[in-house]
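Reader: I am new to reading protein models, and I would like to learn how to describe one with care. Could you take me through some features one by one?

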Amino acid sequence: MANQQGFFKRYLSIPFIQRMGIAFVLGIIVGLIVGEPITVIEPLGTLFLRLLQMVVIPIVIFTLITAMKKLTPNQLGRVGGQTLVLYILTTAIAIVIGLTMANLFSPGTGLTLPGDFTMDPSEAPGMIDVFLNLVPSNVFRAMADAEILQVLVFAIIFGIGMAFLRETATPEIQKGVDTIFSITETGSEVMFKIVRGVMEYGVIGVFALLATTFGNAGPEALVDFGILIAAFVIGVALHIFLVYGLILNTLILKKSPLRFLSGAKEALLMAFATRSSAGVLPITMKTAEDNLKIDESIYSFTLPLGATINMDGTAMYQGVAAIFAANLIGESLSLAQQLTIVTTTVLASIGTAGVPGAGLIMLSMVLTQLGLPLGVVAFVAGVDPILDAFRTMNNIAGDLSVTSVVAKWNNKIDLNAGAWVGEAEKIPVDTKKKE
């Protein structure tokens with residue numbers, strides 16, 4: 001027993017990010033070496049995803065309602081407008097980068113689309129349905145089905161209603177409102193405690209997820225689709241470092257991109273492993289508060305919204321995959337057609353859920369719009385888990401970057417603490433001079 005306690009003590013003394021990184025690398029190596037038989041451990045990864053999904057809805061509800069206590073309706077309108085504009089701009093830039101990389105690398109030129117590749121893709125929602133679906137017809141069903149955007153809208157409306165009620169109601173009612181706010185604030189703290197426990201199990205879960213993904217895909221898939229993967233991965237790297245790093249961090253936040261990446265590394269690793277923007281939301285929120293020092297009133301609104309509508313990596317993938325599809329059948333896309341990809345993908349990104357595989361639904365919509373064969377969807381499905389990991393990581397980097405910028409514009413971030421500064425740069429409180 002003493003030996004076991006000593007082992008766990010030594011294990012926990014290793015920084016969490018190092019344990020996660022080791023699991024990350026070992027999962028890829030073991031998956032490629034063992035191959036398909038390693039899928040026997042898939043339930044361990046599935047359990048991790050279920051644990052994350054378990055806490056998503058409670059965290060969204062508790063943190064958003066609590067945020068209404070700190071964020072007035074006028075502030076909410078300003079924050080919402082800033083967030084939407086930044087999400088749309090970064091998504092549009094991501095598609096342009098994806099199209100540029102695809103035109104340079106020309107993926108699919110040496111391949112042929114097999115005639116027997118057919119698929120009945122899921123139909124992407126229309127824009128009218130997207131806007132109607134913002135409002136849940138049954139809020140409890142929306143919670144049960146993990147419809148994050150609908151839950152987000154309800155929580156905001158409920159929180160604003162309480163904020164107005166507190167200003168106009170009798171003292172008894174005001175006391176009740178304060179009690180509810182106190183309960184939601186306590187609930188959010190409880191959920192973050194649970195998230196810390198889930199993340200400890202995440203070391204095992206991440207190993208299982210990565211091993212299963214690469215065991216299924218195999219080294220052959222990496223070789224056959226190497227150009228497609230290279231074009232997309234380079235595009236993701238450019239987008240993260242140029243858009244998030246140079247523009248949002250260096251020019252606006254006046255901070256080193258490396259500081260941002262250091263602070264966001266836990267969320268980025270989890271995004272890569274889980275391939276779910278919505279599933280990793282609790283960890284993204286924890287990263288925003290603990291590492292990036294963003295106020296809850298901002299990240300509790302911008303991050304759930306980003307997990308639903310901010311699909312930078314997924315949007316970039318549409319541009320690469322569309323040119324890949326055209327090359328498979330020996331056609332080239334005109335500039336007008338490529339601009340159509342930009343417009344279609346920006347609009348479609350609002351209606352796709354932040355879950356694994358949502359990119360294939362968007363791809364079906366883009367290919368249909370361009371008149372390209374839908375068989376390409378099935379053709380790339382074999383390596384889609386690998387591409388999905390990179391695009392989800394890009395999505396999360398975008399969520400945290402935009403949230404940091406919006407927080408700065410609203411004076412809701414401490415850029416002199418956490419991951420933003422080194423030890424030598426931290427300002428001791430007791431050394432401040434009194435006026």
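**Helices and how they cross**

Author: Let us begin with a pair of helices in this predicted model: where helix H11 meets helix H12, the crossing is right-handed. Helix H11 covers residues 281-290 and helix H12 covers residues 296-309, and the two pack at an angle of about 145°, with their axes 10 Å apart.

Reader: Which residues make the contact of H11 and H12?

Author: From H11 come Leu281, Thr284, Met285, Ala288 and Glu289, while H12 brings Tyr299, Ser300, Leu303, Pro304 and Ala307. Sorted by class, this contact has 7 nonpolar, 2 polar and 1 charged residues. A general idea helps in reading such lists: an α-helix has 3.6 residues a turn, so residues three or four places apart point the same way.

Reader: At what angle do H10 and H17 pack?

Author: Helix H10 (residues 257-274) packs against helix H17 (residues 384-409) at an angle of about 140°, and their axes are 9 Å apart. That angle makes H10 oblique to H17, and the crossing of the two is right-handed. On the H10 side the contact is made by Phe260, Ala264, Ala267, Leu268, Ala271 and Phe272, and on the H17 side the residues include Phe390, Met393, Ile396 and Leu400. By class, the contact of H10 with H17 has 12 nonpolar, 3 polar and no charged residues.

Reader: Where does helix H9 bend?

Author: Helix H9, which runs over residues 226-253, bends by about 40° at Gly245. Just after H9 comes Lys254, which takes a positive phi of about 60°.

Reader: In which helix does Pro58 lie, and how exposed is Pro58?

Author: Pro58 lies in helix H3, which spans residues 42-70. A residue counts as partly exposed when its relative accessible area falls between 20% and 50%, and Pro58, with a value of 25%, is therefore partly exposed. Sequence distance and spatial distance should be read separately: Pro58 and Val151 are 93 residues apart in sequence, yet their C-alpha atoms are 9.9 Å apart in space.

Reader: How many helices and strands does the chain have, and what share of its residues count as buried?

Author: The secondary structure comes to 17 helices and 0 strands, and of the 435 residues in the chain, 52% count as buried. As for the contacts with a separation of 6 or more, 84% of them are accounted for by residues 24 or more positions apart.

Methods:
Residues numbered from 1 in each chain as written. Predicted model: local features only at pLDDT ≥ 70, side-chain atom pairs only at ≥ 80, totals over all residues. Heavy atoms only, no water. Axes fitted to C-alpha atoms, helices over the stretch in contact; angles between N-to-C directions. Helix = DSSP H or I, 4+ residues; strand = E, 2+ residues; numbered from the N terminus. Parallel < 35°, antiparallel > 145°, perpendicular 65-115°, else oblique. Left-handed = near helix turned anticlockwise from the far one by under 90°. Contact = heavy atoms within 4.5 Å. Nonpolar A, V, L, I, M, F, W, Y, C, P; charged D, E, K, R; others polar. Bend = angle between axes of the 7 residues up to and from the residue. Buried < 20%, exposed > 50% of the residue type's maximum accessible area, 1.4 Å probe, protein only.
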